[in-house]
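Please read this briefing alongside the sequence and the coordinates of the model. It takes up a few local features of the backbone, the strand pairing around them, and one pocket.

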Amino acid sequence: MRKITSKELRKEWVDFYVKRGHVDCGAVSLVSDGSTGAMFNVAGMQPIMPYLLGKKHPMGTRLCNVQGCVRTNDIDGIGDKSHLSFFEMMGSWSLGDYFKKERCQWSYELLTEVFQFDKDHLAATVFEGDENAPRDEEGAKYRIESGFKPENVFFLPAEDNWWGLEYGPCGPDSEMFYVADVPPCGPDCKPGCHCGKYTEVGNDVFMQYEKHQDGHLTPLEKKNVDTGWGLERNLAFLNGIDDVYKTDLFLPIIACIEKVAGATYGADEKQTRSMRIIADHMRTAVMLIGDEAKLLPSNTGAGYVLRRLIRRAVRHGRMLGLKIADYKQIASIFIDDIYNEAYPLLPRNKEFILSELEKEIERFEATIENGLKEYKKILEVKKSENATAIDGKSAFRLYDTFGFPLELTVEMAEEEGLKVDEEAFQKCMEEAKELARENAAFSQKSTASVFDALDEAVVTEYVGYEKLICDAKIVALSDGEKLVDTLMEGAEGIVVTDVTAFYATMGGQKGDCGSILLGEDKAFVVDEAVKIPGGRVGHVGTAKKAVKVGDTVTMKVCTKNHAATCKNHTATHVLQAALQQVLGEGVHQQGSYQDPQRTRFDFSYGKAMTAEEIAKVEEIVNQKIAEAIDVNTQVMTIEEAKKTGAMALFGEKYGTTVRVVSVGDFSKEFCGGTHVKNTADIQNFKILSESGVAAGVRRIEAITGANVIAYYKQLEEQLNNAAAVAKISPAQLGDKVKAMMAEIKALNSELESLKAKAAKDALGDVMNQVQEIKGVKLLATSVEGVDMNGLRDLGDQLKDKLGDGVVVLLSSADGKVNMIAMATDAAVKAGAHAGNLIKGIAALVGGGGGGRPNMAQAGGKNPAGIPAAIEEAAKVLEGQL
């Protein structure tokens with residue numbers, strides 16, 4: 001293997017793919033645009049996902065990059081040799097361009113020619129197939145043709161080698177491993193067993209199917225490839241290091257901490273863990289604050305995660321004696337020396353990064369001092385009560401009010417001989433903390449900075465709560481890149497007016513669409529209204545006539561779309577109240593989205609809803625619609641609103657006054673969105689799906705109004721079509737399907753019986769072919785035209801006849817080879833291993849496979865090799881005994 005620096009590794013990756021026709025598409029912000037529901041970009045493929053799903057990428061069909069990612073789901077696990085909260089993914093993509101052959105060849109070239117891996121120490125895994133998709137023989141073939149040894153290509157199940165979402169593009173993936181010169185952990189040792197023999201270096205995902213909502217797969221017309229290699233993991237591995245903190249990405253930081261702390265990395269486990277946490281968390285903090293999004297610490301969403309990272313680093317720094325100047329020095333090393341070339345925004349934003357870090361650390365140092373005072377009060381009370389533990393509510397108050405980390409409370413309590421009720425603390429946390437609801441729309445992010453140059457007095461007054469048509473004056477125009485005085489006919493751009501009736505996308509509700517009129521003429525078609533910092537609303541769309549700054553215009557919202565969105569939004573409020581009624585008061589909103597087509601509601605709940613619960617919730621919502629309840633909106637101070645019992649989204653920032661939307665006495669929430677005047681306006685409500693989106697978070701998607709009618713009309717058409725095919729009336733379809741299923745089951749059973757009999761007849765009496773290998777009986781033979789199920793049945797029958805020993809069966813069927821090996825318990829004790837036996841002979845029929853000691857199966861593509869494989873079986877078994 002080739003020793004390499006982090007800067008060389010990034011460059012080699014991009015250069016390799018550019019030479020093969022790829023375009024370096026660059027990295028995007030670490031902070032997600034909200035389209036995926038995640039706060040951060042957590043994977044290299046995440047920004048490319050819209051293009052993998054079919055959208056045309058402006059830079060072409062062959063892309064590559066090195067993308068920074070942030071994952072904090074296991075933040076408490078960081079401190080070992082490998083876990084990181086920020087990491088880089090080296091990626092390449094084919095968007096309907098090349099597929100498996102080229103991908104496998106290039107991966108092998110990258111491994112052996114660029115990074116100089118020994119080909120004899122490389123292994124790969126491919127999908128073994130299941131009831132949903134066939135075995136990836138093509139992937140195995142191209143891995144072997146590219147240079148991988150056949151015996152080092154392993155077929156593994158879907159849990160190891162399949163990629164896909166709930167529905168949409170999916171397919172087999174193929175992982176690549178380095179094989180260490182260490183003994184296997186056992187007879188079943190293979191990639192994925194985590195014994196240290198196999199180390200993953202990269203992954204190729206072949207998106208060749210589309211998974212439909214009913215679960216069945218169909219081939220994609222345009223197949224995609226997603227390739228991802230972790231930079232830090234491969235950097236350490238290529239340099240023969242098992243600790244990422246000993247790579248050039250962290251060595252200068254560790255040296256800095258060692259000097260300040262007067263400690264040696266690796267000498268003391270506790271101090272070493274603290275050094276790693278400081279190095280990791282400070283790196284991630286620098287990256288997030290210096291990112292194009294310029295994330296700042298806060299108490300909500302991504303800002304809350306950033307604050308936690310900084311404060312956790314500071315807590316561990318206090319243990320080692322670090323001061324504010326030391327954290328700034330660590331940040332400066334990352335900015336000036338380690339990432340100055342790869343992330344040019346960091347040097348550009350250095351003063352801003354250091355300033356914000358200093359502010360946050362100073363705030364936390366102050367809260368620690370205040371928290372210590374409060375902690376001492378709690379401690380005195382607990383000691384006076386002879387308590388053995390600090391209760392969860394007190395620990396949470398220290399955390400929530402004083403920013404006191406739970407870990408610090410636990411550590412100090414232990415010094416006093418006390419425990420902390422961490423379970424109760426977590427319960428308090430779950431009750432209080434909710435995910436930040438609002439993610440900035442992409443269009444808003446991409447246009448906000450354009451309008452920064454406007455005078456602060458240029459704002460937009462929203463009048464859409466009262467009317468959907470209003471007169472206005474154009475105060476600013478943009479072509480998406482800069483401010484302009486005029487947008488010519490046909491030009492796409494953004495219009496800002498002094499007054500608008502258009503609701504701007506925010507709070508989970510999509511913005512209005514419609515038209516801007518010059519006199520009686522439609523001058524600008526608005527696709528979406530978006531919120532722009534500074535109290536402005538941008539109207540994104542296309543000019544139908546030339547418009548210029550200063551024009552007096554009429555703002556006209558599309559009433560049909562607006563009404564449909566209002567129906568969905570009010571229905572969401574009723575839905576939340578119904579969920580709390582059915583599932584309990586512990587249900588809280590985790591996010592929502594409404595547009596004219598549907599509503600999506602995410603809520604806290606620990607398990608999937610039952611069909612009965614879903615039906616009950618739907619029934620309650622439709623009941624409230626039928627009751628024709630008035631929907632009222634009141635503007636009041638936040639204190640008054642809280643007294644009414646209105647629900648607020650935890651972590652949401654509210655002004656001094658808020659809007660409270662009430663659906664009679666059934667629902668009352670803080671909400672700035674638009675709503676119907678009466679629940680009867682919603683007309684009807686239908687839940688389309690209920691699914692999990694994260695640990696403890698469920699999602700309901702639903703429709704209302706005309707969309708429900710359209711939904712049932714489509715179902716009726718499908719029902720009528722199915723009935724016509726079956727040549728019966730729709731009312732008889734259920735009974736007909738039952739009868740057909742019973743008939744199919746009976747026919748399948750009869751078919752299997754006939755196939756089993758045919759296989760047995762084709763095999764004949766083969767007991768005279770039994771050999772004895774070192775005291776173990778072996779029956780290795782072949783039969784024509786039998787599938788895998790049939791082979792297994794035959795194998796069981798022959799094993800029973802054999803008594804103790806090994807059975808190997810091969811069959812040529814449809815130009816392919818099926819083979820199984822079975823070993824009795826006594827044979828296994830003697831050393832026989834069916835999985836390794838199959839591996840030893842599979843290459844002779846152009847295949848691969850494996851399995852357990854007592855049973856294994858494989859496939860191949862060369863029936864001509866069956867006699868040689870049968871002959872080889874005796875030699876392989878002899879070597880095992």
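What follows is grouped by topic, from backbone to pocket.

The model is a predicted one. Two lysines, K727 and K774, have a positive phi although neither is a glycine, and the second of them, K774, belongs to the hairpin of strand 30 and strand 31. Strand 31 is also joined to strand 32, and the chain passes between these two strands through helix 22, an element that also contributes to the lining of the second largest pocket.

**Positive phi at two lysines**

- Most residues other than glycine have a negative phi.
- K727 departs from this with a positive phi of about 60°, and it is found in the loop that links helix 20 (706–726) to helix 21 (733–763).
- K727 is exposed, because its relative accessible area of 76% lies over the 50% cut-off.
- K774 has a positive phi of about 50°, and its place is the loop between strand 30 (771–773) and strand 31 (776–784).
- K774 likewise counts as exposed, because its relative accessible area is 56%, which is over 50%.

**Strands 30, 31 and 32**

- Strand 30 and strand 31 run antiparallel and are joined by three bridges, one of which pairs Q771 with L778 of strand 31.
- The hairpin that these two strands form has two residues between the strands, and it is in this hairpin that K774 takes its positive phi near 50°.
- Strand 31 and strand 32 (residues 806–813) run parallel, with seven bridges joining them, and here L778 has V806 of strand 32 as its bridge partner.
- Leaving strand 31, the chain goes through helix 22 (residues 788–802) before it reaches strand 32, and this β-α-β crossover is right-handed.

**The second largest pocket**

- The volume of the second largest pocket is about 1,000 Å³, and its lining is made up of 37 residues, with E128, R135, M788, Q857 and A858 lying nearest the centre.
- Strand 5 (153–156), helix 22, strand 33 (816–823), helix 24 (834–842), strand 34 (848–851) and strand 35 (855–860) are the elements that each give two or more residues to this lining.
- Among these elements, strand 35 gives the most, with six residues.
- By residue class, the lining of the second largest pocket divides into 13 nonpolar, eleven polar and 13 charged residues.

Conventions: Residues numbered from 1 in each chain as written. Predicted model: local features only at pLDDT ≥ 70, side-chain atom pairs only at ≥ 80, totals over all residues. Heavy atoms only, no water. Helix = DSSP H or I, 4+ residues; strand = E, 2+ residues; numbered from the N terminus. Buried < 20%, exposed > 50% of the residue type's maximum accessible area, 1.4 Å probe, protein only. Pairing = 2+ DSSP bridges. Right-handed = clockwise from strand over helix to strand, strands pointing away. 1 Å grid on protein atoms, 1.4 Å probe; cavity = no way out; pocket = protein on both sides within 12 Å on 5 of 7 lines; lining within 4 Å. Points joined across faces, edges and corners; volume = space filled by probe spheres on them. Nonpolar A, V, L, I, M, F, W, Y, C, P; charged D, E, K, R; others polar.
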